[in-house]
Amino acid sequence: MSNRGSKVMKKLIKNSLIPVLVLLVIGFAAFELNARFVTPIKEKGKNLERDINLIKSDKIIAQEIINNLSKKKEELALYNSKIPDTPSLPEIIEIIDNLAKSNSLKWESGTPAPQKVFDETLPQGVSSWSIGSTFIGDYVNIYNFINSLTNLERMVTIESFTLQREQGSFRLNISLRFYAEEIVQ
Amino acid sequence: MSKELVGLEIDGDTVTLVEVKDGYAQFVRVLSTDSLSNSIKLALAGYKLNKNEKAVRVVFSCPGTNFRVIDVTATLKDRKNFEDAVFTAMPVSRDSNATSGIFFTPDEMVGNMVSKGIAMIAPALQVEEAYQALGKIKSELVSPPAVFTGLDGIWLSVKNQTTDVTLVDQGRPVAYRQLRTGGLDILANKVGDTITGREKVYSALNRNAKVEPVLENEIRLYSQNLAIELRQTVDYWARSNENVTSKINLIGVGANLLGISEALFDQNFTIELNDTISKRVTQIPVEDRARAISAFLATMTAGDDMPYVSYVNPYSLAIAEEKKRRDKRAKQYILGMITIGAVALATILPFIFENSKLKELEKNIKQSQSEFTSLSESFDIYLDIERKKALYKELKCDQPDWKETLAIVFTAIEEVRADSGKNVTVNEVKTGISDDSLKITFTSELVNGDSDDLTTMLRKLREITGVESAWSDSFTYRDGKANYSISFSYKESLLEGSTVTNNNSADELCLTEGVK
């Protein structure tokens, strides 16, 4: 390249370098300032928009609840009876006793004492109690009794059972669990 | 529309300004103050010198000005080369002298062609001081010979500081000399101090004035010396083959000095001002004409032979340098401001926009929250339902179908009984959860039972939906009765396929969401 050409190139580089550097500085400064001052506001705005939308959808839900208040209260009552806020131990004994009687089963070992179970796998705030009971009855009664346990107004789960033939009847040893959601105020 | 032009002559601390209109001197102003700068300012007072107009030519006379005819080539068009050539021709200190010159035939300065020109030097310090005094006035400072181009003859200029003589031949100044006799200030210093001496000498400029004998004697001696030195100079030029004449163009403040004409006559000179020039200065007073001629010629030659004829203006170079620096700073400042502006635009506008949007959102959320407060009780019901539902789903929906295990056992037994016609009884059923499935073990008793019956029973079990595997734990035969202990694993849901008779919304939850 000729000397003149080299000079022209140098001048061109010198003349274009400064604007490029200035643009870079502007870009970098704008990016930095945006990141420091504008982006947090944007993020805050996004969060607020999300919260507003959540409140809106909550309002729709709340309005729907108001529109079907009695039905929803019934639904809540149903769930509250399934998993009450208090253990109500005598009540569960009575429920099982009534169920056994209605299926012509006899308590073999009298009224059992519920034992609190410390189970870490349970959801937070939920407590459970266990009852081990023995009943005497025929197969059909026992079948109906077990079937009915799944549909009680109070939620009861079966942990295990054993059925043994005994002089024309069956002896049912069953371990049951029931639950309460003890809400901490 | 013609416009007046001005030209200046600087002679020590005295400034002579001549205003020219249509080629005729209209007005002359002579000023001598304590400083050259003030003299120039006062001389130019009332004149608007436009920056875009031609520069004001200033004839600058100072002791130490020298002159030489030189050979010039195209390379001398470069100022540095020109200076090199001048200092080669005139061995004087480069640091203390400034250069100027005229190329007589600039069009012939091509390639290596040699032509003629003149070089002039003047003390650099005085040149710088003169330019400094001229300040920001666009000016071109030239030595006296530069203004006589085109005016053939001998030009004797008697000024305050110097007396110089220029020979012009064929329109070109070809010789120049400052006479040792000096200017009128030499004479003034002999009859008094700088101020009073000059006053006395100036009083002798009027031919009708009465002059003290002492001063008269000094003037006579001065004039005689001046005339003798001029004669010697002219003779020398004649010997050097210059085309000299006995006619003298006598100009300058000292041209009217008492006895000078006689002294020149004594040396066989005749005084005869160039006819053209003489006509051009008729509009100014007679007593000022001779001293105004240099400044008049400066006006008429302004811009000629530039740029070499003018001494380089170090002051204007400094000003230009300063201006360049200022421009650069201004450019940097503007660039900085543009940068800041651009950054501000790219940041502040989005910031303002996002901030106002945020404020609007904050307002909206407050409004929404206040509206929601009245509905919060109902929403709490929803939350309670959802929480309980989730609990119920977690605790209940994963439960195995316990009753179905009994049904499977007794169904299998009944089918074996029906197939074999043998009396089968179930003695014990044990259930328990193993891993993810139920494990059921039952013992049965079969009168006259055999291994085929066991196989049948296992096959029946395996055919039942939900039974993953079935196997025999033990088989004994005693007293005509076969005792089997059989186990199977079962993985069916609590409600799927079960005989749910009293469905409620809680159980529907397990069904609708397909939770096992």
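This is a short group-meeting talk on a two-chain model, going from the contact between the chains to the sheets of chain B.

Hi everyone, thanks for coming. Please keep in mind throughout that what you see is a predicted model.

Let me start with chain A. It has 4 helices and 5 strands, and if you walk along the sequence they come in the pattern α-α-α-β-β-β-α-β-β. Chain A has 185 residues, and 19% of them count as buried. If we take the contacts in chain A between residues at least 6 apart in sequence, 68% of those join residues at least 24 apart.

Now, how do the two chains meet? The contact draws on 54 residues from chain A and 54 residues from chain B. On the chain B side, five elements each supply at least two residues: α10 (314–373), α11 (376–396), α12 (402–420), β14 (424–434) and α14 (505–512). Which of them gives the largest share of that side? It is α10(B), with 20 residues. As for chemistry, the residues of chain B that touch chain A split into 25 nonpolar, 16 polar and 13 charged.

There is also strand pairing across the two chains. Strand β4 of chain A, residues 156–166, pairs with β14(B) in the antiparallel sense, over 3 bridges. If you would like a residue to click on, try L163(A), which stands opposite V429(B) in β14(B).

Next, the long helices, one from each chain. Helix α1 of chain A covers residues 3–67, which makes 65 residues. At 1.5 Å a residue, we would expect a span of 96 Å, and the end C-alpha atoms are 89 Å apart, so the two agree. The helix does have a kink of about 45 degrees, centred on A35(A).

Is α1(A) well covered or hardly covered? Hardly covered: of its 65 residues, the buried count is 4. Those buried positions are V38(A), I55(A), A62(A) and I65(A). The elements covering them include α2 (69–82) from chain A itself, along with α10 and α11 from chain B.

Let's turn to α10(B) and ask the same things. With 60 residues at 1.5 Å each, α10(B) should span 88 Å, and its end C-alpha atoms sit 84 Å apart, which again agrees. This helix bends as well, by about 30 degrees at A344(B). Why do we say that α10(B) lies largely in the open? Because the number of buried residues is 3 out of 60. They are V343(B), T347(B) and E354(B), and what they pack against is α1 of chain A. So keep this pair of helices on screen together: α10(B) is among the elements covering the buried residues of α1(A), and the buried residues of α10(B) pack against α1(A) in turn.

Moving on to the sheets of chain B. One is an open sheet of 5 strands in the order β3-β2-β1-β4-β8, with mixed pairing. Its edge strands are β3 and β8 (139–142), each pairing on one side only. On average, neighbouring strands here are turned by 20 degrees against each other, ignoring direction. Lying across β1 (5–11), β4 (56–61) and β8 is helix α3 of chain B, residues 124–134, which runs at about 155 degrees to β8(B).

Within this sheet, zoom in on β2 (residues 14–21) and β3 (residues 24–32), an antiparallel pair with 8 bridges. L17(B) has R29(B) as its bridge partner, and K21(B) stands opposite Y24(B). The hairpin has 2 residues between its strands, and D22(B) there takes a positive phi near 55 degrees.

Chain B has another open sheet with 5 strands and mixed pairing, ordered β11-β10-β9-β12-β13. Here the edges are β11 (172–178) and β13 (270–271). Inside it, β9 (residues 153–158) and β10 (residues 163–169) pair antiparallel over 6 bridges, with V158(B) opposite T163(B).

One last residue before we finish: T301(B), in helix α9 of chain B, residues 286–301. Is it buried or exposed? The cut-off for buried is 20 or more C-beta neighbours within 10 Å, and T301(B) has 22, so it counts as buried. Its C-alpha atom is 8.4 Å from that of A146(B), although the two are 155 residues apart along the chain. Setting aside neighbours within four places in sequence, T301(B) is in contact with R57(B), V147(B) and T149(B).

That's my tour, and I'm happy to take questions.

Note on methods. Residues numbered from 1 in each chain as written. Chains lettered and ligands numbered in written order. Predicted model: local features only at pLDDT ≥ 70, side-chain atom pairs only at ≥ 80, totals over all residues. Buried ≥ 20, exposed ≤ 12 C-beta atoms within 10 Å, placed from the backbone. Contact = placed C-beta atoms within 7 Å. Nonpolar A, V, L, I, M, F, W, Y, C, P; charged D, E, K, R; others polar. Pairing = 2+ DSSP bridges. Expected span 1.5 Å × (residues − 1). Bend = angle between axes of the 7 residues up to and from the residue. Axes fitted to C-alpha atoms, helices over the stretch in contact; angles between N-to-C directions.
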